[in-house]
2 protein chains.
Amino acid sequence: MISASRRQLTRALALASTVVERRNTIPALGCIKIMANGKLTLESTDLDTSARVEMPYDDGGKHADMAFLLPNSRRVAAAVNAAGGDDVRLAPTRADNRIFMAAGKLTSQLIIQEASSFPTVDAVEHEDFSATLGEAELRQIARVLPAISKEETRYYLNGICVRHMGNWVYRFAATDGHRLMQVDVPLPGAMGMIPDNIIIPAAWIRLVMVHFRKTRNGAIFRFGRKLARNEDNGPLLPVETPGGQRIAMTADLDGLTFTLTSKLIDGTYPDYQRVVPTGYTHLVRIERAKLVQAISALSGLSLERGRAVKLIFEPGEVHCQLHSPDLGESHFELPATHNMPNGAEVGMNGNYALQQLAAFTGAEIELHFNEQAGMYPILWRDPGDTAFLAVLMPMRI
Amino acid sequence: MISASRRQLTRALALASTVVERRNTIPALGCIKIMANGKLTLESTDLDTSARVEMPYDDGGKHADMAFLLPNSRRVAAAVNAAGGDDVRLAPTRADNRIFMAAGKLTSQLIIQEASSFPTVDAVEHEDFSATLGEAELRQIARVLPAISKEETRYYLNGICVRHMGNWVYRFAATDGHRLMQVDVPLPGAMGMIPDNIIIPAAWIRLVMVHFRKTRNGAIFRFGRKLARNEDNGPLLPVETPGGQRIAMTADLDGLTFTLTSKLIDGTYPDYQRVVPTGYTHLVRIERAKLVQAISALSGLSLERGRAVKLIFEPGEVHCQLHSPDLGESHFELPATHNMPNGAEVGMNGNYALQQLAAFTGAEIELHFNEQAGMYPILWRDPGDTAFLAVLMPMRI
């Protein structure tokens with residue numbers, strides 16, 4: 001019999017359940033592996049991303065060695081949460097496929113599976129790089145998430161590209177071919193080296209944003225390798241497994257140690273720097289809230305998400321236009337400072353434009369154009385926040 | 001050109017949109033009919049339920065007579081809301097199928113349809129009964145909603161049955177054959193007569209709960225009839241249309257007059273009073289929060305919604321049990337005062353039991369049983385709140 005805090009175990013089950021897929025063809029992947037051997041450890045994996053939670057438990061001085069797979073962990077977490085009482089007790093039963101669980105006035109003979117059918121859960125076994133990311137750093141990285149491609153044929157765009165720019169500044173970039181967002185984040189406490197242009201999967205970074213954004217002392221980001229097992233008379237020194245690069249984020253969450261590990265995306269990220277325009281001669285300066293209002297109002301008057309909004313430049317003004325075959329033609333005028341030719345036009349996807357605008361924080365936004373506004377990528381900048389930039393391809397209307 | 005408050009028009013469009021079905025085979029039913037003729041009126045209908053909003057407008061002293069159908073009203077409401085400015089201006093255009101709309105810096109040539117294709121919207125034309133329902137009365141009526149049947153073959157159970165019990169007390173009841181809930185609500189200000197056992201549709205009462213629960217001065221409930229048109233040389237006195245019974249709820253919502261009208265369900269409600277047990281000899285008294293906890297925890301340990309929970313009576317206690325083929329066997333013990341035979345058992349749908357418990361408000365709940373507990377309907381009462389009662393059929397396990 002072992003016992004653990006009910007509050008902690010409820011949270012640990014919920015955390016470990018985040019990578020358990022609801023529908024699963026491999027039964028073990030629908031389970032959480034629970035082990036009690038010094039620490040109570042909960043593990044889950046979808047073979048790309050893995051979760052591991054460690055928490056304390058009490059074995060009453062008698063060494064308990066327990067390992068089993070728990071199916072339907074979300075249901076069990078809900079029941080344990082509802083049951084009340086301070087502790088949850090777990091004990092083996094005479095039946096191999098049952099474990100005894102008690103919480104408050106609830107007792108249960110839970111159906112379990114054998115631990116041996118569970119795959120080995122990934123970990124960063126040889127660490128090459130580590131850095132502590134606090135709320136500020138994670139908030140910066142989160143700005144580029146909207147530009148991650150959701151389209152699966154160019155799978156190498158389904159993530160964030162990371163590289164070291166020098167002086168402990170790291171660049172995080174995402175693009176889907178229609179837009180690019182990049183942010184430079186200083187990580188002065190970083191240690192070790194990270195290879196250029198590794199691609200971090202979107203699924204992992206989104207889970208990280210959910211779970212690690214609000215940690216008391218920051219989360220530790222690590223990059224490293226999985227090591228080859230030396231069972232087959234191999235060399236004694238650690239040897240890299242092919243495709244064994246791993247990333248992990250770890251934090252202490254009120255006494256739980258939570259780690260999310262992932263494979264990297266195995267591909268070559270395109271040279272996105274070539275897309276960032278330089279030497280543009282035309283500049284439009286607009287109040288960000290006003291442009292948000294214009295595009296929100298116009299996008300409301302269309303059934304089609306991402307319908308093109310056309311910007312027409314007049315002296316001291318921008319006319320925004322949207323033509324919807326279902327709702328009609330609409331206009332929104334707003335003041336702007338610019339040096340565009342009178343009557344110049346450019347079209348852009350309204351949805352993308354709103355996401356770009358939401359990624360900025362300042363009161364003003366600068367759009368940089370070439371002479372022929374509608375033909376070249378548009379550069380979005382905030383002169384007060386140069387760590388971030390965005391690029392948007394125009395749409396022909 | 002007319003103008004109206006943007007804040008009011010946004011809300012009026014949203015209110016009128018609540019009965020516009022998103023997918024519609026009759027194009028006019030996907031629209032809101034907007035009329036300006038003394039008042040600005042917005043109407044919508046799905047042929048069973050109709051919405052009508054009246055609000056003030058300004059025609060600048062020139063009498064404006066405007067009537068058109070607006071498709072995609074939810075989109076227009078969102079755009080008008082985003083556009084800013086105090087007022088919305090509307091004006092006819094040279095094109096029949098366009099109306100000019102302006103709000104803040106937004107101007108639009110909105111696509112509209114002709115008003116003539118819109119069906120006549122239902123109304124209570126000859127009033128037989130009216131009563132003012134405040135938050136307290138609507139909250140009482142809302143207690144029986146969970147028992148309304150969702151199954152469509154016995155369509156007459158898809159609503160709430162209303163009857164006068166005497167002394168201005170009205171009984172609202174709902175049943176789906178598995179459970180019954182009824183509540184007696186005094187309406188001392190009620191005027192007129194309501195026929196016994198009219199059936200109010202679930203769709204209408206649910207919309208009423210959404211929109212009329214928080215009104216400053218209460219909502220006016222009316223029952224009456226739609227009148228036959230006397231165009232065909234009929235009698236001059238008002239004559240009832242066959243199937244013309246209507247109910248309506250009206251309230252002033254910050255300057256908007258909002259009315260939801262509905263047909264009644266045309267059917268005979270079963271004599272539900274026969275199901276309410278009398279003369280039971282066995283009584284179980286349990287702390288309501290504890291029973292909620294027991295059934296919540298046990299229901300968590302099942303993949304099947306509404307899995308049977310078995311109650312086994314022991315001296316001073318109830319043992320709750322749930323056997324799930326997927327998760328295992330679970331028990332929850334809780335203290336109870338009862339005069340049930342030792343070891344007596346009764347099974348009940350866990351989901352229904354939780355809904356019954358949620359409909360009560362007191363600290364304690366009484367379950368009344370017959371000698372053979374598992375064979376007869378269970379009566380649920382709160383001795384401190386006798387206006388409400390619930391009945392639940394047991395499940396054989």
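# Strands, interface and salt bridges

Reader: In which strand of chain B does Ser108(B) lie?

Author: This is a predicted model, in which local features need pLDDT of at least 70 and side-chain atom pairs count only at pLDDT 80 or more, while totals for chains, interfaces and linings use all residues; side-chain values use heavy atoms, with hydrogens and water left out. Residues are numbered from 1 along each chain as its sequence is written, while chains are lettered from A and ligands numbered from 1 in the order in which they are written. Helices (H or I, at least four residues) and strands (E, at least two) are DSSP runs, numbered from the N terminus. In the run of residues 106-111 of chain B, Ser108(B) belongs to strand 8.

Reader: Is Ser108(B) buried or exposed, and which residue has its backbone oxygen 3.3 Å from a polar atom of the side chain of Ser108(B)?

Author: Buried means under 20% relative accessible area, exposed over 50% and partly exposed in between, with a 1.4 Å probe and protein chains only, so Ser108(B), at 1%, is buried. If contact is taken as heavy atoms within 4.5 Å, and residues up to four places away in sequence are not counted, Ser108(B) touches Ile99(B), Phe100(B) and Met101(B) together with Leu301(A), Glu329(A) and Ser330(A). The backbone oxygen that lies 3.3 Å from a polar atom of the Ser108(B) side chain is that of Glu329(A).

Reader: Which edge strands pair on one side only?

Author: Two strands pair if DSSP finds at least two bridges between them, and an open sheet of eight strands, antiparallel in its pairing, follows the order 23(A)-19(A)-20(A)-21(A)-8(B)-7(B)-6(B)-1(B). The strands that pair on one side only, at the edges of this sheet, are strand 23 (345-349) of chain A and strand 1 (2-5) of chain B.

Reader: By how many degrees are neighbouring strands of this sheet turned against each other on average?

Author: Axes are lines fitted to C-alpha atoms, for helices over the stretch in contact, and angles run from 0 to 180 degrees between N-to-C directions. With direction ignored, the average turn between neighbouring strands of this sheet is 20°.

Reader: Which residue in strand 20 of chain A stands opposite Lys310(A), and at about what angle to strand 23 of chain A does helix 6 run?

Author: Strand 19 (residues 308-314) and strand 20 (residues 317-324) of chain A run antiparallel and are joined by five bridges. In strand 20 of chain A, the residue opposite Lys310(A) is Gln321(A). Helix 6 (residues 350-359) of chain A lies across strand 19 and strand 23 of chain A, and to strand 23 its angle is about 85°.

Reader: Why is strand 5 of chain B largely enclosed by the rest of the structure, and which residue stands opposite Met66(B)?

Author: Strand 5 (residues 66-71) of chain B has five of its six residues buried, so the rest of the structure largely encloses it. Strand 2 (residues 31-37) of chain B pairs with strand 5 of chain B in the antiparallel sense over six bridges. Opposite Met66(B) in strand 5 of chain B stands Ala36(B).

Reader: About how much area do chain A and chain B bury between them?

Author: The contact takes 34 residues from chain A and 34 residues from chain B. Buried area is the accessible area (1.4 Å probe) that two parts lose on being put together, summed over both. With 54% of it on carbon and sulfur atoms, the area buried between chain A and chain B is about 2,800 Å².

Reader: Which side chain meets that of Glu329(B) in a salt bridge?

Author: A salt bridge is a side-chain nitrogen of Lys or Arg within 4 Å of a carboxyl oxygen of Asp or Glu, and two are counted between chain A and chain B. At 3.1 Å, N to O, the side chain that Glu329(B) meets is that of Arg98(A).

Reader: How many residues apart in sequence are the parts that Asp196(A) and Arg163(A) tie together?

Author: The closest N and O atoms of the salt bridge between Asp196(A) and Arg163(A) are 3.3 Å apart. Asp196(A) lies in the loop between strand 13 (191-192) and strand 14 (198-201) of chain A, and Arg163(A) in strand 10 (residues 159-166) of chain A, so the parts they tie together have a sequence separation of 33 residues.

Reader: Is Lys310(B) buried or exposed?

Author: Glu345(B) and Lys310(B) form a salt bridge whose closest N and O atoms are 3.4 Å apart. Glu345(B) lies in strand 23 (residues 345-349) of chain B and Lys310(B) in strand 19 (residues 308-314) of chain B, so the pair ties together parts 35 residues apart in sequence. Glu345(B), with a relative accessible area of 40%, is partly exposed, whereas Lys310(B), at 17%, is buried.

Key: A polar contact is a pair of N or O atoms within 3.5 Å; within protein, one must be able to donate a hydrogen and the other to accept it, and residues adjacent in sequence count only if both atoms are side-chain atoms.
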